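Visitor: I would like to learn how to read a strand and a chain contact. Where do we begin?

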2 protein chains.
Amino acid sequence: MVYIGIDVGGTGIKIGVVDEAGTLLCQGETPTLVGRPYEDIIRDMGNCMLRVMEDGGYTAEDVEAIGVGIPGIADAATGNVIFCTNMGWKDVPLRTELQKYLNKPVHIDNDATVAGFAESVCGVSAGCHSSVFITLGTGVGGGIVIGGRPWSGFHGVGSEIGHIPMDIGGEPCSCGNYGCLERYCSATAIIRMGKQMVLQHPDSLMYDMCGGDISKLTAKTVFDAAKEEDDVAMKVFNHYVDYLCKACYTIIAFLDPEMIVLGGGVSKAGSFLLKAVQERIPRYLLFKTLPYSRIEIARLGADAGMIGAAMLGKPIKEASSNG
Amino acid sequence: MVYIGIDVGGTGIKIGVVDEAGTLLCQGETPTLVGRPYEDIIRDMGNCMLRVMEDGGYTAEDVEAIGVGIPGIADAATGNVIFCTNMGWKDVPLRTELQKYLNKPVHIDNDATVAGFAESVCGVSAGCHSSVFITLGTGVGGGIVIGGRPWSGFHGVGSEIGHIPMDIGGEPCSCGNYGCLERYCSATAIIRMGKQMVLQHPDSLMYDMCGGDISKLTAKTVFDAAKEEDDVAMKVFNHYVDYLCKACYTIIAFLDPEMIVLGGGVSKAGSFLLKAVQERIPRYLLFKTLPYSRIEIARLGADAGMIGAAMLGKPIKEASSNG
């Protein structure tokens with residue numbers, strides 16, 4: 001049996017056929033074209049799904065279930081998308097609509113949650129009992145896995161790690177609160193800090209790297225200049241690492257998972273970022289001599305969404321499964 | 001069958017016999033007398049346990065298991081207490097020593113964790129799938145229950161809610177970090193804020209209530225004066241409620257449990273505190289129209305430690321238990 005995984009993004013919808021082990025067997029994509037009626041978007045989604053299956057040589061009988069990762073919140077009972085801000089979706093009957101194309105169980109969960117779940121099935125946290133995945137992108141998302149299963153909370157509104165209050169009365173956040181974690185740990189935060197520093201220090205390598213046009217400064221600019229040991233970029237980088245360590249420490253002090261997985265665009269910095277975080281985190285730990293969560297970089301990249309969504313439909317392994 | 005629950009505190013060790021439903025059948029207590037060799041303390045503990053059993057008419061055959069709640073961290077595999085700062089304990093073989101008195105399985109966990117577990121067995125969160133218990137006392141402790149079982153983390157260092165960073169560069173904490181949650185949400189924080197305000201406003205009712213001796217000001221003084229609508233006390237109370245709401249919101253944004261339970265000394269303020277928190281929390285929520293964790297006051301009071309410790313030994317209900 002195979003599983004269909006659908007990763008819904010603001011630009012494109014990626015659809016893959018995945019086996020039980022989380023291997024991506026074949027895939028396709030269709031543009032989202034946000035702004036259209038949801039029926040049109042789901043029609044393209046449904047047709048793309050059937051096309052991907054056909055291209056891969058899979059029939060409806062081969063498919064166990066369909067999983068969808070959305071940048072929003074879904075109701076597990078009804079299969080309705082409650083919110084999906086980037087898509088302009090509110091109360092969209094995604095399950096019912098999608099079943100018109102392939103009548104199989106449809107599981108829907110948050111995109112960061114399914115990406116974290118994918119890592120725990122066949123990525124860096126494979127085999128871990130518990131893990132917390134953090135996507136470090138424009139914002140900060142979270143995916144919690146406990147006992148090998150994704151956990152989006154009892155009401156489905158949890159794992160919103162980006163909106164944990166980190167600095168009372170700090171930077172205003174788009175959510176209406178102040179000092180949310182994502183104001184300090186996102187790529188957006190790196191860019192904000194980088195721009196502030198370049199304005200104060202135009203002699204920084206970062207200024208040259210973005211051709212003197214500060215509006216072109218990215219998180220990569222900051223990290224690349226830091227790798228070149230530019231003092232100003234190093235300062236921004238160290239500041240960012242410090243915030244990220246506090247985010248990791250928040251996860252350790254609260255949930256203490258077996259592993260913390262860093263994903264999203266910022267995590268592409270790889271070992272340069274990872275080593276800095278691993279080196280600095282011990283200073284924050286409450287119990288300095290005891291073991292704590294391993295911190296690693298995500299492995300599955302852009303495929304994590306499809307794989308994790310597909311794996312939502314995988315039956316839960318029972319401890320007492322008899323052969 | 002019955003379960004022995006032992007609640008180890010800095011002043012006294014409380015021991016109870018508890019049935020499967022979490023009912024306290026009989027109990028006793030022995031002074032801790034901190035500073036003695038651990039062998040002496042565990043000897044008193046063991047003898048008190050046997051005395052309580054005898055007084056209640058229970059024999060060793062009636063006892064299924066022993067559970068111990070400690071103000072520290074234990075190793076679940078070895079049954080050793082790793083740290084127990086208030087007791088001056090480090091690497092104490094509590095399980096082995098205790099089994100010399102009654103040779104039964106011994107389970108050890110953090111005191112806030114077992115108190116939260118007790119509430120989920122037969123207290124305010126009974127029947128909840130998931131809950132987070134917060135003890136609001138001298139410090140702030142946490143107890144997480146997921147799927148009906150206590151969760152102290154993969155390495156046993158989690159649920160340390162009091163040390164989640166809440167204010168970067170905020171109040172220094174005894175743990176070495178700055179701006180830990182317990183600096184704002186503990187009874188200690190109420191007293192600190194109350195004293196600061198009374199010094200600035202000696203016309204406050206709080207000044208009279210502590211007989212003009214500010215060193216006698218307690219969290220209860222602040223709450224009692226706030227109930228009398230003293231402006232200055234109201235300000236401290238509202239400030240505290242605001243912090244506590246941010247703590248609850250941190251729990252919701254991260255874990256989204258079915259219920260958040262407020263326990264510890266500060267929670268004795270009951271509905272006066274609860275109503276204020278319930279009223280103010282919606283302003284922080286990310287998804288303002290969706291259901292979120294119920295917030296309630298703990299019910300079991302000082303017995304929660306014994307009951308929860310005892311229940312650690314209760315067999316885990318299997319969904320697929322075969323007769």
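**Strand β10 and the two chains**

Guide: This is a predicted model. Begin with strand β10 (residues 140-146) of chain A: seven of its seven residues are buried, so the strand is largely enclosed by the rest of the structure.

Visitor: Which residues point one way from β10(A), and which the other way?

Guide: The general idea comes first. In a regular strand, side chains alternate between the two faces of the sheet. Here, A:Val140, A:Gly142, A:Ile144 and A:Ile146 point one way, while A:Gly141, A:Gly143 and A:Val145 point the other way. All are buried.

Visitor: How many bridges join β9(A) to β10(A)?

Guide: Seven, and the two strands run antiparallel. A:Phe133 stands opposite A:Gly143. The two strands form a hairpin, with three residues between them.

Visitor: What do β10(A) and β11(A) form?

Guide: Another hairpin, with two residues between the strands. In its turn, A:Gly147 has a positive phi of about 60°. Three bridges join this antiparallel pair. A:Ile144 stands opposite A:Trp151 in β11(A).

Visitor: Now the chains. What rotation superposes chain B on chain A?

Guide: A rotation of 180°, with 0.0 Å of shift along its axis and an RMSD of 0.0 Å. That is the relation of a two-fold axis. In chain B, the C-alpha nearest the axis belongs to B:Asp167, 2.0 Å from it.

Visitor: How many residues does the contact take from each chain?

Guide: Interface size is often given as accessible area lost when the parts come together. Here we have residue counts: 40 from chain B and 40 from chain A. On the side of chain B that touches chain A, α8(B) gives the largest share, six residues. That side divides into 24 nonpolar, ten polar and six charged residues.

Key:
Residues numbered from 1 in each chain as written. Chains lettered and ligands numbered in written order. Predicted model: local features only at pLDDT ≥ 70, side-chain atom pairs only at ≥ 80, totals over all residues. Least-squares fit on C-alpha atoms with pLDDT ≥ 70 in both. Contact = placed C-beta atoms within 7 Å. Helix = DSSP H or I, 4+ residues; strand = E, 2+ residues; numbered from the N terminus. Nonpolar A, V, L, I, M, F, W, Y, C, P; charged D, E, K, R; others polar. Buried ≥ 20, exposed ≤ 12 C-beta atoms within 10 Å, placed from the backbone. Pairing = 2+ DSSP bridges.
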